[in-house]
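Q: Could you show me how to read contacts, salt bridges and helix packing in a model like this one?

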Amino acid sequence: MPVHTSQGSQGQRGRGAGLVLALGSAVAFGGSGTAAKPLIEAGLDPLHVVWLRVVGAALVMLPLAVRHRDLVRRRPALLVGFGLFAVAGVQAFYFASISRIPVGVALLVEYLGPAIVLGWVRFVQRRPVTRAAAAGVVLAVGGLACVVEIWSGLSFDPLGLLFALGAACCQAGYFVLSDQGSDAGAEAPDPLGVIAYGLLVGAVVLTVVARPWGMDWAVLGGAARMDGTAVPAWLLLGWVVLIATVLAYVTGVVAVRRLSPQVAGVVGCLEAVVATVLAWVLLGEHLSAPQIVGGVVVLAGAFVAQRSAPGKGSPRPVASGGEGVEPELSVGRGR
């Protein structure tokens, strides 16, 4: 695996821009539940909302798919993998899990994805992972436990937990696949093309799973209630498609390219905090004291990870942890 090196301020600017994009992606993804919940309460099946979300985004990105059609020949496995795991897999497994276990438990298990990313990077790719980055994941997962108040109701269902773990693995796949080809310079697959084809593949898969021909289309012509306020259903769907899907995926994939899968993965944990805050403001779902504390802990974990883990353009840390270098977690010599 080649080692990235860069000089001074240029690398710092790229890292700073990547962090801003990762935060923007977390905010965009975090708003999906707030906009989708009123649609579900208005009568749409959750899987139908997911199908509308992915198909709508795929149509928006279709011109980019045509523009980057050479990717079908150059990187077919990447496109299919992104569509199956990063788009359809996360959505399908998550909704399957919440049908059997509490939403908070499913969300917490899904956000073990960054920890899975760290394991992939360290043990499969054999790239360095700093101790502080690992500590950031631990902090983030612990904070998420408070945000979702896991203690409020845990009913053990092996199949439900297995579905949630599947969502976590697919989420990890999103971060890992987003980084594929970023070392290839001018030959790197365009991230917008990868997203466009990933959404198209996801739309096909979810059509089979969601069976939208049975959907109550009349709901989209009416209004949904957001904390007692009537909001046009089409407006909420537009938010889910354009902001929580198109913008979220674009900023997220570009952020991974500028940072690294492990850093972007931990910063992505902020999505749960954003979702909780937006639900508080827009849906009237108030935060408890433990949730507020958990949000602070998640922020701390994301800050620790992004400050210490090696990103794109960063020199490789050494196992001995020389002066000024955070020692990596190592099980042997990297390639």
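Q: Leaving aside its neighbours within four places in sequence, which residues is alanine 42 in contact with?
A: Contact means heavy atoms within 4.5 Å, and by that rule alanine 42 touches Val219 and Ala224. Alanine 42 sits in the loop between helix H1 (8–41) and helix H2 (46–60), where helices are DSSP runs (H or I) of at least four residues, numbered from the N terminus. This is a predicted model, in which local features need pLDDT of at least 70 and side-chain atom pairs pLDDT 80 or more, while totals for chains, interfaces and linings use all residues. Residues are numbered from 1 along each chain as its sequence is written, and side-chain values use heavy atoms, leaving out hydrogens and water.

Q: Is alanine 42 buried or exposed?
A: Buried means under 20% relative accessible area, exposed over 50%, and partly exposed in between, with a 1.4 Å probe and protein chains only; alanine 42, at 35%, is partly exposed.

Q: How many salt bridges are there?
A: A salt bridge is a side-chain nitrogen of Lys or Arg within 4 Å of a carboxyl oxygen of Asp or Glu, and the count comes to one. Arginine 74 pairs with aspartate 70, their closest N and O atoms being 3.0 Å apart. The two residues are separated by about one helical turn, because they are four residues apart in helix H4 (residues 70–74). Arginine 74 is partly exposed, with a relative accessible area of 30%, and aspartate 70 is likewise partly exposed, at 28%.
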